[in-house]
Structures are given as C-alpha cells and as structure tokens.
Amino acid sequence: QHRVATRLGETRTDLINIMLQTLPGVAVTYQGEELGLRNTYLTWEQTVDPSACNTNDPVNYEASSRDGCRTPFPWAGDLKNGGFSENDNPWLPINPDYVDGYNVKSQEAAENSHLKIFKRLTKLRKQNVLRQGTYQSKLTNSENVIVYLRKHESNWAVVILNFGANAETVNVKAAFPGETTLPNTLPVYT
C-alpha cells in the first residue's frame, strides 16, 4: 500500500523501476512511482479510504489506509493542485512535494529525472530481448547485488543491480561462463 519511494527510499526508486522493467512477466507501476513520489501524509480528518474510516481509530488509522498513495497525480509544480484539479479541495489533498520537482513538467525538463529514466526503461522493455528473452540469474559474492542475463536470439542484456551503498565489482564472464557471446567489457548505464 506504499509507493516504492516510501517503502524502500527515494534513492532506490530508479533501481526498482529498472528491475521491474527488465525482469520477465508483467511490470506493474503504481501512479506516481515513475516520478519517485512518496506517500502523502493525511490526517484522520482527511482520510476517505473506507478501510481506514471503518476502523474508527483516529490514532492507528494509517495502518489500514490506502489514501497516502492515492493522492492526485502532480502534472506541474506551478499550477494549483499540481494541475490535477482547479478545485480548492480535491477528493484527497495533493502531495506537497509536487512544488519541489515531483511533477511531470519539472521532470520532463530535468536532465536525468526519475520520469526520464522510467520512459527510457519502458521503451527498452519493448525490445524482444526483454519481451521474449530467456532469464538467468546468478549469485554474486555480495548480498547487495543482483545480476541477471536476458537473451533472445543473438541479442542479450545483462542487468546488474546494486542495492548497497558501496561500489561493487561483478565478473560477468565468471557469472555466466557458458555465454561465449558476452564481451569482455560492458557499457554501464547509471
């Protein structure tokens, strides 16, 4: 019930989106996660989610509420309610972070925003190597690193995700010793 940036931290937003868009299967993104948007704090009086309201508990309602991640989508930081609505009081209040760059307009203008990374990932996901490719994952010598290989015909993609705070080195040739088509060096996208 929480957006990725709230559950795992904003610094991991792009990492989780990379993982979701490059793993096999359906990639599900909840609105706002492509912007790195965090949950919005709502008071008991602002809560409209039936599961929270039915608790009749103004102290612990947040544990049952989905409202924090269902707030209006922010389109622009310079418009009332982020451009979502001209009403003084939309159904739920907009996350106040919309004025600090957590909106589509700001992230479209930024050089390397969460939104731009997300758009590149969704375009990349349309390639056959990710749509139809095989999947192999390998353990590394680090508990913070996930590495996997996606392969379709002569195309391949190696995904290395570092969930830790320190730089890590991964020997891809050693991780996938039978893959003779992998080059000695790989480009790194950060």
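Let's start with a hairpin: strands β1 and β2 form one, with six residues between them. Keep in mind as you look around that this is a predicted model. β1 covers residues 134-138, and five bridges join it to β2, with the two strands running antiparallel. If you want one pair to find on screen, look for Q136, whose bridge partner in β2 is L149.

Now carry on along the chain. β2 also forms a hairpin with β3, this time with two residues between the strands. In that turn sits E153, which has a positive phi of about 50 degrees. β3 spans residues 155-162, and its antiparallel pairing with β2 runs over eight bridges. Two pairs help you trace it: K151 has W156 in β3 as its bridge partner, and V147 is matched with I160 in β3.

Put those two hairpins together and what do the three strands form? The result is an open sheet in the order β1-β2-β3, with antiparallel pairing. β1 and β3 are the edge strands, since each pairs on one side only. On average, neighbouring strands of this sheet are turned by 20 degrees against each other, if you ignore direction. As a bit of background, the strands of a sheet pair through backbone hydrogen bonds, and they can do so in a parallel or an antiparallel way. Also, in a regular strand the side chains alternate between the two faces of the sheet.

Is β2 largely enclosed or largely open? Six of the eight residues of β2 (residues 145-152) are buried, so the rest of the structure largely encloses this strand.

Part of the surroundings of the sheet is a helix. α2 lies across β2 and β3, and runs at about 150 degrees to β3. How many of the ten residues of α2 are buried? Eight of them are, so α2 is largely enclosed by the rest of the structure too. The buried ones are T13, D14, L15, I16, N17, M19, Q21 and T22. You can go looking for what covers them: the cover includes α1 (4-8), α5, α6 (128-131), β2 and β3.

One of those covering helices, α5, deserves a closer look. When two helices pack, they are described by the angle between their axes and the distance between the axes. For α2 (residues 13-22) and α5, the angle is about 10 degrees and the axes are 9 Å apart. Angles under 35 degrees count as roughly parallel, and α2 and α5 are therefore roughly parallel to each other. On the α2 side of the contact you'll find T13, D14, N17, I18, L20, Q21 and T22, and these meet H114, I117, F118, L121, T122 and R125 in α5. Sorted by type, the residues of this contact are five nonpolar, six polar and two charged.

Just before α5 there's a small detail to zoom in on. S113 lies in the loop between α4 (104-109) and α5 (114-125). Is S113 buried or exposed? Its relative accessibility is 7%, and buried means under 20%, so S113 counts as buried. The side chain of S113 reaches the backbone nitrogen of K116 at 3.1 Å.

Another loop residue worth finding is D97, between α3 (50-53) and α4. D97 is buried as well, with a relative accessible area of 17%. The D97 side chain makes a polar contact with the side chain of R38, at 2.7 Å. Setting aside neighbours within four places in sequence, D97 is in contact with R38 and Y102.

For a contrast, head to N166, in the loop between β3 and α7 (172-175). At 57% relative accessibility, N166 counts as exposed. N166 and N144 are 22 residues apart in sequence, and their C-alpha atoms are 9.1 Å apart in space.

Finally, zoom out to the whole chain. There are seven helices and three strands, and along the sequence they follow the pattern α-α-α-α-α-α-β-β-β-α. The C-alpha atoms fill a box of roughly 60 × 35 × 30 Å, taken along the principal axes. Of the 190 residues in the chain, 38% are buried. And among contacts between residues at least 6 apart in sequence, 51% join residues at least 24 apart.

How values were computed. Residues numbered from 1 in each chain as written. Predicted model: local features only at pLDDT ≥ 70, side-chain atom pairs only at ≥ 80, totals over all residues. Heavy atoms only, no water. Helix = DSSP H or I, 4+ residues; strand = E, 2+ residues; numbered from the N terminus. Buried < 20%, exposed > 50% of the residue type's maximum accessible area, 1.4 Å probe, protein only. Polar contact = N/O pair within 3.5 Å; in protein donor to acceptor, adjacent residues only side chain to side chain. Pairing = 2+ DSSP bridges. Axes fitted to C-alpha atoms, helices over the stretch in contact; angles between N-to-C directions. Parallel < 35°, antiparallel > 145°, perpendicular 65-115°, else oblique. Contact = heavy atoms within 4.5 Å. Nonpolar A, V, L, I, M, F, W, Y, C, P; charged D, E, K, R; others polar.
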